[in-house]
Amino acid sequence: MTLEQKELYDASIKSMRSQISTKVSDKIVSDSTQEGVEKFMRSIGAKKINHMFTHLRKIAQHPLLIRHHYDDASVEKIAKKAFEHNLFSGNATLKRVTEELLGYSDFGLHAFCYGAGPDFEGHRLSSIHLLSSTKFRFLADLLPRLKDEGSRPLIFSQWTAVLDVIEWLMEDL
């Protein structure tokens, strides 16, 4: 993991622990029997637990898969500009556009700004952000060598967003 990934990972774990501790009483947490663990898991909820692990997996893949470069104020500026340019359907309100964009990852916001035209150029991320993942640093080194050797690597991912970031990396190489 890069330092950025590690810091995000650690901060996420700290935040998740804090959320769990405020929702679950000490009595449930201290009961380490099978019944106590099951009660603890039910109190949190399977969807919440799945969301937590998915969030951590995204950070491990690439930090651009979550939102941390764009703060809420930046997203609100992008949303206002998008609303003014009618980039969403004609009946979308500024509030709805903002809510939609607040759910985007850093890469999703970058891609939105890239496709929205030159007025959004100042909101795009630089290609230096591509190398904030150890896996992508490795790919940035490996892919040009494979191409020079005439190889045609096949890359799989569970998330299409990862493939989209890889596409950006390959365009940048």
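Helices in this tour are DSSP runs of at least four residues, numbered from the N terminus, and the stretches between them will be called loops. The model you have open is a predicted one. Let's start with a loop and work inwards.

**Stop 1: the loop after H5**

Select Asn-86, in the loop between H5 and H6. Is Asn-86 buried or exposed? Its relative accessible area is 59%, over the 50% cut-off, so Asn-86 is exposed. Now look at its backbone: Asn-86 is not a glycine, yet its phi is positive, about 55 degrees. Most residues other than glycine have a negative phi.

**Stop 2: along H5 and across to H6**

Step back into helix H5, which runs over 72-84, and select Lys-77, a residue of that helix. With 56% relative accessibility, Lys-77 counts as exposed. Add Ala-11 to your selection: 66 residues separate Lys-77 and Ala-11 along the chain, and their C-alpha atoms are 26 Å apart.

For another pair, go to Leu-102, which belongs to helix H6. Which residues does Leu-102 contact, leaving aside neighbours within four places in sequence? They are Arg-67, Asp-72 and Val-75. Draw a distance from Leu-102 to Glu-76 as well: the two are 26 residues apart along the chain, with 8.0 Å between their C-alpha atoms. Leu-102 has 29% relative accessibility and counts as partly exposed, because this value falls between the 20% and 50% cut-offs.

**Stop 3: H7 and what covers it**

Select helix H7, residues 106-115. Colour its buried residues: Asp-106, Phe-107, Leu-109, His-110, Phe-112 and Cys-113. What covers them? The cover includes H5, H6 and H9. Just past the end of H7, click on Gly-117, where phi is positive at about 110 degrees.

**Stop 4: a cluster of rings**

Stay with Phe-112 and show the aromatic side chains. How many aromatic pairs does the whole structure hold? A search finds four. In one of them, the ring centres of Tyr-104 and Phe-112 are 6.4 Å apart and the planes stand at 80 degrees, so this pair is edge-to-face. Compare the surroundings of the two partners: Tyr-104 is partly exposed at 24% relative accessible area, while Phe-112 counts as buried at 17%. Add Phe-88 and Phe-120, and you have a cluster of four names, Phe-88, Tyr-104, Phe-112 and Phe-120, linked by ring pairs.

**Stop 5: two histidines in loops**

Move on to His-123, in the loop between H7 and H8. Its relative accessibility is 18%, so His-123 counts as buried. Leaving aside neighbours within four places in sequence, His-123 is in contact with Tyr-70, Lys-77, Ile-78, Lys-81 and Cys-113. You met Lys-77 earlier, as an exposed residue, and Cys-113 as a buried residue of H7.

Next, select His-62, in the loop between helix H4 (46-61) and H5. His-62 is buried too, with a relative accessible area of 1%. Its contacts, again without neighbours up to four places away, are Gln-5, His-129, Leu-130, Ser-132, Ser-133, Phe-136 and Val-165.

**Stop 6: the nonpolar core**

Val-165 is a good way into the interior. Apart from residues up to four places away in sequence, Val-165 touches His-62, Leu-64, Leu-65, Phe-107, Leu-130 and Phe-136. In soluble globular proteins, nonpolar side chains tend to be buried together. Here the largest nonpolar core has 27 residues, and those with the most contacts inside it are Ile-78, Leu-101, Phe-112, Phe-120 and Val-165. H5, H6, H7, H8 and H9 each supply at least two residues of this core. Which helix gives the largest share? H9 does, with five residues.

**Stop 7: the largest pocket**

Finish at the largest pocket, which holds about 240 Å³ of space. To find it, select Phe-107, His-110, Ala-111, Tyr-114, Leu-125, Ser-127, Asp-164, Glu-167, Trp-168, Glu-171 and Asp-172, the residues of its lining. Two elements give two or more residues each to this lining: H7, which you have already visited, and H9 (160-172). H9 gives the most, five residues. Now colour the lining by type: five residues are nonpolar, two polar and four charged.

Definitions and conventions: Residues are numbered from 1 along each chain as its sequence is written. This is a predicted model: local features need pLDDT of at least 70, side-chain atom pairs count only at pLDDT 80 or more; totals for chains, interfaces and linings use all residues. Side-chain values use heavy atoms; hydrogens and water are left out. On a 1 Å grid over the protein atoms alone, a cavity is a set of points where a 1.4 Å probe fits but cannot get out, and a pocket is an open set with protein on both sides within 12 Å along at least five of seven lines; lining residues have an atom within 4 Å of a point. Grid points are joined across faces, edges and corners, and a volume is the space filled by probe spheres set on the points. Ala, Val, Leu, Ile, Met, Phe, Trp, Tyr, Cys and Pro count as nonpolar, Asp, Glu, Lys and Arg as charged, and the others, Gly among them, as polar. A nonpolar core is a set of buried Ala, Val, Leu, Ile, Met, Phe, Trp, Tyr and Cys residues joined through side-chain atoms within 4.5 Å. Buried means under 20% relative accessible area, exposed over 50%, partly exposed in between (1.4 Å probe, protein chains only). Contact means heavy atoms within 4.5 Å. Rings of Phe, Tyr and Trp (its six-membered ring) pair if their centres lie within 6.5 Å; planes under 30 degrees apart count as stacked, over 60 as edge-to-face and the rest as tilted.
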